[in-house]
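Let's take a walk through this structure together, one piece at a time. Keep the sequence and the 3D view open as you read.

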Amino acid sequence: MNPDTLENLRLELRRGSLVLAVLAALRSEQYGYTLRRVLAEHGMEIEEGTLYPLLRRLESQGLLASEWREHEKRNKRFYRLSADGRRILVRLLADWQSIDASLRTIVKEHDHGTH
Amino acid sequence: MELIDRYLQAVRFWLPRRQQDDIVAELSEDIHAQVEERQAALGRPLTDIDVEELLRRRGSPVLVASRYLPQESLIGPLLFPIYRFVIVVVTICVAGSIGLSWLVALIIRSLGIVAGRPGVANPGALWSSLWVSLFCSAGVVTLIFAILERTEAKARLPRTWNPRTLPPLRPAHLIPRSSSVIEFAVSLCLLVWWGLNMASPLTLRFGALRVALAPGWTWIFLSILVFALGNTALSAVNLMRPWWTTRRVASRLSLDALGSVIFCGLLRANIVTGVAWPGATPEQAGAAVIGVNHWLAQMFPYAIAACLVIFAVNAWRLIRVKRRSSLDAVVA
């Protein structure tokens with residue numbers, strides 16, 4: 001099997017999950033660098049080149065709010081979930097749980113069928 | 001830390017003007033936070049080499065900036081298959097028409113019809129015009145599609161689609177009846193004309209003109225008769241059963257191979273041994289014989305090229321039909 005194929009499929013699988021992880025992590029206010037660390041600590045490593053454009057996109061869609069503020073003697077941009085973002089996160093989490101349940105059933109049935 | 005400032009300046013260059021300050025400020029903050037963390041971990045200030053490594057991991061400035069930009073393409077995924085199809089058709093048309101001109105020019109040159117007028121039949125000039133024409137036509141097509149990509153027409157395309165406008169189902173490897181009718185008529189005429197007019201052993205008469213032929217003519221006459229007979233039979237079968245089968249494509253290939261061998265053999269056979277017409281002197285007749293045989297021999301390379309093209313087309317058709325037959329067998 002081509003290793004690129006697996007890597008591409010992994011990336012696709014992670015892409016949607018990352019949005020969910022970022023939205024969930026931003027229920028409490030964070031700036032980019034700490035957000036990345038929080039995600040990494042929970043096993044969702046994300047490159048800065050992916051995270052910052054994603055944060056901007058989510059902000060332009062009205063799901064996040066941000067403000068520049070001084071913190072530890074340096075200006076940092078803090079992000080938090082907006083009211084719209086909270087509503088959408090609830091819906092997305094429900095969808096994700098539904099997908100997760102469906103997948104578990106499918107995988108389980110398949111495992112029973114093959115053993 | 002001059003390297004970081006240079007890096008940020010390079011990223012800024014590729015960003016949209018309105019977002020430059022905001023993005024670069026955030027990026028700068030992130031890099032400095034990373035530097036501080038790294039320094040704390042190492043227990044010393046970072047060297048230039050450390051900073052260089054840190055920036056290299058982040059990626060080139062243009063790559064970093066590109067992630068903040070909307071994804072853009074000259075021709076999007078909706079129009080691209082149509083664009084590719086049009087490009088192929090245009091390329092074939094342009095190359096085909098110029099190739100034909102090139103062939104005609106070569107023939108005219110070899111016949112000496114335009115002796116002293118090199119501009120008319122200059123294959124070199126046609127060859128260079130092929131590339132210019134191909135680039136120009138591809139450029140025009142690309143430009144049209146790039147404009148379409150940015151107009152309302154593209155957005156309307158999926159909405160205006162109607163299942164009833166889909167083309168009817170085509171049988172696999174259909175032989176158009178029109179081409180079978182023409183082929184049958186031509187083959188039959190050739191067969192009758194050849195049998196009636198060319199059977200005379202070694203001397204042919206065309207009005208007052210008499211042409212004496214080499215002894216090999218008998219074999220050529222019979223071969224062409226067989227070829228015409230086979231062609232007539234095959235086109236008649238194709239007319240009644242208008243789809244290609246492996247056997248019939250193989251017959252087509254064999255017949256064309258036979259025709260190629262006969263035709264190319266005829267060109268190199270010095271087949272004309274004498275000509276006579278009223279008032280012709282022996283010198284004139286001798287010059288005519290040499291001229292005709294020389295002209296036929298000169299056509300030989302072009303005939304070989306044409307035969308190879310015909311052979312390739314038939315071979316490709318045979319492969320396709322065989323592949324389709326195997327697929328059908330698997331599906332069945």
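Before we start, one term: a residue counts as buried if 20 or more other C-beta atoms lie within 10 Å of its own, and as exposed if there are 12 or fewer. One more thing to keep in mind is that you're looking at a predicted model.

Let's begin with chain A. Of its 115 residues, 17% are buried. Its secondary structure consists of 4 helices and 3 strands, and if you trace the chain along the sequence you'll meet them in the order α-β-α-α-β-β-α. How much of the contact in this chain links residues that sit 24 or more positions apart? Taking the contacts with a separation of 6 or more, such pairs account for 42%.

Now look for the largest nonpolar core. It has 13 residues, and those with the most contacts inside it are L26(A), Y31(A), L35(A), L55(A), L58(A), L64(A) and Y79(A). Three elements of chain A each give two or more residues to this core: helix 2 (32–41), helix 3 (48–60) and strand 3 (74–81). Helix 3 of chain A has the largest share, with 3 residues. To get a feel for the core, click on L26(A): leaving aside residues up to four places away in sequence, L26(A) touches L35(A), L64(A), Y79(A), R80(A) and L81(A). There's also another core that lies apart from this one, made of 9 residues, among them V11(B), L27(B), V64(B) and Y68(B).

Stay with chain A for a moment and see how two of its helices meet. In general, two packed helices are described by the angle between their axes and the distance between the axes. Helix 2 and helix 3 of chain A pack at about 115 degrees, and their axes are 11 Å apart. Their crossing is right-handed. On the helix 2 side of chain A, the contact is made by G32(A), L35(A) and R36(A), while helix 3 of chain A brings E48(A), L51(A), Y52(A) and L55(A). Sorted by class, that contact has 4 nonpolar, 1 polar and 2 charged residues.

So much for chain A on its own; what about the place where the two chains meet? The contact takes 11 residues from chain A and 9 residues from chain B. On the chain A side, helix 2, helix 3 and strand 3 each supply at least two residues. Which of the elements of chain A gives the most to this side? That would be helix 3 of chain A, with 5 residues. By class, the chain A side divides into 3 nonpolar, 3 polar and 5 charged residues.

Over in chain B, find helix 9 (residues 217–240) and helix 10 (residues 246–267), whose axes come within 10 Å and cross at roughly 155 degrees. Angles over 145 degrees count as roughly antiparallel, and helix 9 and helix 10 of chain B are therefore roughly antiparallel to each other. The crossing here is left-handed. Among the residues making the contact are I220(B), F227(B) and L234(B) of helix 9 of chain B, and L255(B), L258(B) and I262(B) of helix 10 of chain B. The residues of this contact divide into 9 nonpolar, 5 polar and 2 charged.

One last stop: S178(B), in helix 8 (residues 177–197) of chain B. Is S178(B) buried or exposed? S178(B) counts as exposed, because it has 8 C-beta neighbours inside 10 Å. Its C-alpha atom is separated by 8.8 Å from that of L239(B), and the two residues are 61 residues apart along the chain.

Technical notes
Residues numbered from 1 in each chain as written. Chains lettered and ligands numbered in written order. Predicted model: local features only at pLDDT ≥ 70, side-chain atom pairs only at ≥ 80, totals over all residues. Contact = placed C-beta atoms within 7 Å. Axes fitted to C-alpha atoms, helices over the stretch in contact; angles between N-to-C directions. Parallel < 35°, antiparallel > 145°, perpendicular 65-115°, else oblique. Left-handed = near helix turned anticlockwise from the far one by under 90°. Nonpolar A, V, L, I, M, F, W, Y, C, P; charged D, E, K, R; others polar. Core = buried A, V, L, I, M, F, W, Y, C linked by C-beta atoms within 7 Å.
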